[in-house]
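Please open the structure in your viewer, choose a cartoon display, and keep the selection tool at hand. The tour below proceeds stop by stop, saying what to select and then what is found there.

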Amino acid sequence: QDDKLWYFKSRTSSSAIGHVPLKSSVVRKATQNIGKNYCFEIITKDRVYLLVAQSHSDMVGWIRVLSLQTTLVAENDLLEEAENLIAKAEYLRSSRELPMLVVDIPSTTIVSTHPSNG
């Protein structure tokens with residue numbers, strides 16, 4: 001409802017016991033390992049909520065739908081892309097296969113140089 005994710009004591013409860021504010025939140029795949037698969041998190045200014053989906057496709061669906069309720073949708077996408085680029089750059093740097101990484105993001109270019117050992 002609106003920009004809130006309401007939660008209940010049980011599936012049969014008719015009264016919500018609280019809500020997660022989504023308006024200024026970040027929704028993404030969980031960065032913490034809690035020993036369960038398909039975890040995602042909602043990061044608010046006051047708290048981080050960790051949730052577990054039943055499958056990978058459910059997790060992706062929840063993240064997509066909840067992200068649409070935030071005002072930070074574009075930022076969520078950029079953060080996820082940046083995390084993937086950083087992971088790739090770290091992998092390539094560790095294998096010494098990449099002396100320079102150039103990433104073209106609309107209206108922005110990020111250049112990261114890595115000194116070669118040759």
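**A start near the beginning of the chain**

Select Lys4, which is partly exposed, with a relative accessible area of 30%. Keep in mind as you look that this is a predicted model. Add Asp3 to the selection, and you will have a salt bridge between Lys4 and Asp3, in which the closest N and O atoms are 3.8 Å apart. Asp3 also counts as partly exposed, at 24% relative accessibility.

**The whole protein**

Now clear the selection and show the complete chain, which has two helices and seven strands. Following the sequence from its start, you will meet these elements in the pattern β-β-β-β-β-α-α-β-β. If you colour by burial, buried residues make up 24% of the 118 residues. With a surface display switched on, the protein exposes about 8900 Å², of which carbon and sulfur atoms supply 53%. Among the contacts with a separation of 6 or more, 28% are accounted for by residues 24 or more positions apart.

**An open sheet of three strands**

Select residues 26-29, 39-43 and 48-52 together, which are β3, β4 and β5. These strands form an open sheet in the order β3-β4-β5, with antiparallel pairing. The edge strands are β3 and β5, each of which pairs on one side only. Neighbouring strands of this sheet are turned by 20° against each other on average, direction ignored.

Narrow the view to β3 and β4, which run antiparallel and are joined by four bridges. Two places are worth labelling here: Arg28 has Glu41 as its bridge partner in β4, and Lys29 stands opposite Phe40 in β4. Why is β4 largely enclosed by the rest of the structure? Four of its five residues are buried, and therefore the strand is largely enclosed.

Move on to β4 and β5, where the antiparallel pairing extends over five bridges. Glu41 appears again at this stop, since its bridge partner in β5 is Leu50. The connection from β4 to β5 is a hairpin through four residues.

**Thr44 in the connecting loop**

Select Thr44, whose place is in the loop between β4 and β5. Is Thr44 buried or exposed? At 13% relative accessibility, Thr44 counts as buried. If you display its surroundings, leaving aside neighbours within four places in sequence, you will find Thr44 in contact with Val20, Pro21, Ser25 and Tyr49.

**A network of salt bridges**

Next, select Arg28, Glu41 and Glu83 and show their side chains, for these residues are linked in a network of salt bridges. Begin with Glu41 and Arg28, whose side chains meet in a salt bridge of 2.7 Å, N to O. This pair links distant parts of the chain, with Glu41 in strand β4 and Arg28 in strand β3, 13 residues apart. Glu41 is buried, with a relative accessible area of 2%.

Then turn to Glu83, which forms a salt bridge with Arg28, the closest N and O atoms being 3.1 Å apart. Here too distant parts of the chain are linked, since Glu83 is in helix α2 (residues 73-94) and Arg28 is in strand β3, 55 residues apart. Glu83 is partly exposed, with a relative accessible area of 36%. Together with the pair at the first stop, the count comes to three salt bridges in the protein.

**Two residues in the loop between β3 and β4**

Select Tyr38, found in the loop between β3 and β4, and inspect its backbone. Most residues other than glycine have a negative phi. Tyr38 is not a glycine, yet has a positive phi of about 65°. Tyr38 is partly exposed, with a relative accessible area of 34%.

Within this loop, go to Ile34, which lies between β3 and β4 and counts as partly exposed at 39% relative accessibility. Which residues does Ile34 touch, not counting those up to four places away in sequence? The residues to display are Cys39, Leu50 and Val52. The C-alpha atoms of Ile34 and Val52 are separated by 9.8 Å, while the two residues are 18 residues apart along the chain.

**A last stop at the surface**

Finally, keep Ile34 selected and add Val48, Leu50 and Val52, which together make a nonpolar surface patch of about 290 Å².

Conventions: Residues numbered from 1 in each chain as written. Predicted model: local features only at pLDDT ≥ 70, side-chain atom pairs only at ≥ 80, totals over all residues. Heavy atoms only, no water. Buried < 20%, exposed > 50% of the residue type's maximum accessible area, 1.4 Å probe, protein only. Contact = heavy atoms within 4.5 Å. Areas by Shrake-Rupley, 256 points an atom, 1.4 Å probe, with all protein chains shown as cover. Pairing = 2+ DSSP bridges. Axes fitted to C-alpha atoms, helices over the stretch in contact; angles between N-to-C directions. Patch = residues over 30% accessible without salt bridge, like charges linked within 9 Å, V, L, I, M, F, W, Y side chains within 5 Å. Salt bridge = Lys/Arg side-chain N within 4 Å of Asp/Glu carboxyl O.
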